[in-house]
Amino acid sequence: MNLSDLRPNPGATHTSKRVGRGIGSGHGKTATRGHKGQHSSNTVRPGFEGGQTPLHRRLPRRRGFNNIFAKEFAIINLSQLDTFEAGTVVTPELLLERRVIRELKDGLKVLGDGELGKALTVRAHKFSKSAVDKISASGGAAEVIG
C-alpha cells in the first residue's frame, strides 16, 4: 500500500454545484439564492446574530481608568531578607546583584510578610508599618531612601 493508493470512499465526495453560469445550466439568474431577502445578495453584516442582541452589546463596557502617574514598586517580603547574614546593609543594588528582585522599577517596597530573625539595616524607598515594626523588633533599622 502506498500513499498514492489512498482514495476517499465511494460516494464520500461530490462535485461542487456550479451556480450563476447562465440559464441553460439550471442554476443561473438567482444562482440558487431565491428572490429578494437577506441572503439573496450576501449582505449579512459582520457581527449580526440573527436578531439576537449581539455579543458586543451584551458585554459591559470597559470601566475605570488607568493612572499614568502611578508608581510601580519592586516588592520584597521580610521572609526573603532572612537569607542575609546578621549586620548586612540591604540595599536595592544588593538585591538586584543577588537576583532577589528582577528589576527596580520606580523603587523598592518592603512588606512585613514572614519573620526576620537577624538584625539587618534595610534601605528601601517604602516600608509597610508591619515591616518597620518587625525590623526594629529584631534589632535592625529601616532607612527610607529619598
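**Figure 1. Lys105 is partly exposed, with a relative accessibility of 42%.** Buried denotes under 20% relative accessible area, exposed over 50%, and partly exposed the range in between, with a 1.4 Å probe and protein chains only. The model is predicted: local features require pLDDT of at least 70, side-chain atom pairs count only at pLDDT 80 or more, and totals for chains, interfaces and linings use all residues. Residues are numbered from 1 along each chain as its sequence is written, and side-chain values use heavy atoms, with hydrogens and water left out. Five salt bridges are counted, a salt bridge being a side-chain nitrogen of Lys or Arg within 4 Å of a carboxyl oxygen of Asp or Glu. In one of them, Lys105 is paired with Glu72, and the closest N and O atoms are 3.3 Å apart. This pair links distant parts of the chain, 33 residues apart: Glu72 belongs to the loop between helix 1 and strand 1, and Lys105 to the loop between helix 3 (92–97) and strand 3. Helices (H or I, at least four residues) and strands (E, at least two) are DSSP runs, numbered from the N terminus.

**Figure 2. Glu115 and Lys134 form a salt bridge, with their closest N and O atoms 3.8 Å apart.** Glu115 is located in the loop between strand 3 and strand 4, and Lys134 in helix 4 (residues 129–137), so the salt bridge ties together parts 19 residues apart in sequence. Glu115 is exposed at a relative accessible area of 58%, whereas Lys134 is partly exposed at 27%.

**Figure 3. Strand 2, strand 4 and strand 6 form an open sheet in the order 2-4-6, with parallel pairing.** Strand 2 and strand 6 occupy the edges with a single partner strand each, so each has one side without a neighbour in the sheet. Two strands are taken to pair if DSSP finds at least two bridges between them. Strand 2 (residues 89–90) is joined to strand 4 by two bridges, and Val89 has Thr121 as its bridge partner in strand 4. Between strand 4 and strand 6 (residues 141–144) there are four bridges, with Val144 of strand 6 as the bridge partner of Ala124.

**Figure 4. Strand 4 (residues 121–124) presents a covered and an uncovered face.** In a regular strand, side chains alternate between the two faces of the sheet. Val122 and Ala124 make up the covered face of strand 4, and Thr121 and Arg123 the uncovered one. Arg123 stands opposite Glu143 in strand 6. These two residues also form a salt bridge, in which the closest N and O atoms are 2.6 Å apart. With Glu143 in strand 6 and Arg123 in strand 4, the pair ties together parts that are 20 residues apart in sequence. Both residues are partly exposed, Glu143 with a relative accessible area of 30% and Arg123 with 33%.

**Figure 5. Strand 1, strand 3 and strand 5 form an open sheet in the order 1-3-5, with parallel pairing.** Its edge strands are strand 1 (74–77) and strand 5 (126–127), each of which pairs on one side only. Two bridges connect strand 3 with strand 5. Val110 has Phe127 as its bridge partner in strand 5.

**Figure 6. Leu108 is buried, with a relative accessible area of 1%.** Leu108 belongs to strand 3 (residues 108–111). Contact is defined as heavy atoms within 4.5 Å. Apart from its neighbours within four places in sequence, Leu108 contacts Phe73, Ala74, Ile76, Pro92, Leu95, Ile101, Arg123, Ala124, His125 and Lys126. The C-alpha atoms of Leu108 and Phe127 are separated by 8.5 Å, and the two residues are 19 residues apart along the chain.

**Figure 7. Met1, Leu3 and Leu6 form a nonpolar surface patch.** Together they have about 440 Å² of accessible area, computed by the Shrake-Rupley method with a 1.4 Å probe, where for residues only the protein chains shown count as cover. Patches consist of residues with over 30% relative accessible area and no salt bridge; like charges are joined within 9 Å, and nonpolar side chains (Val, Leu, Ile, Met, Phe, Trp, Tyr) within 5 Å. Leu6 lies in the segment before helix 1 (55–58) and is partly exposed, with a relative accessible area of 48%.
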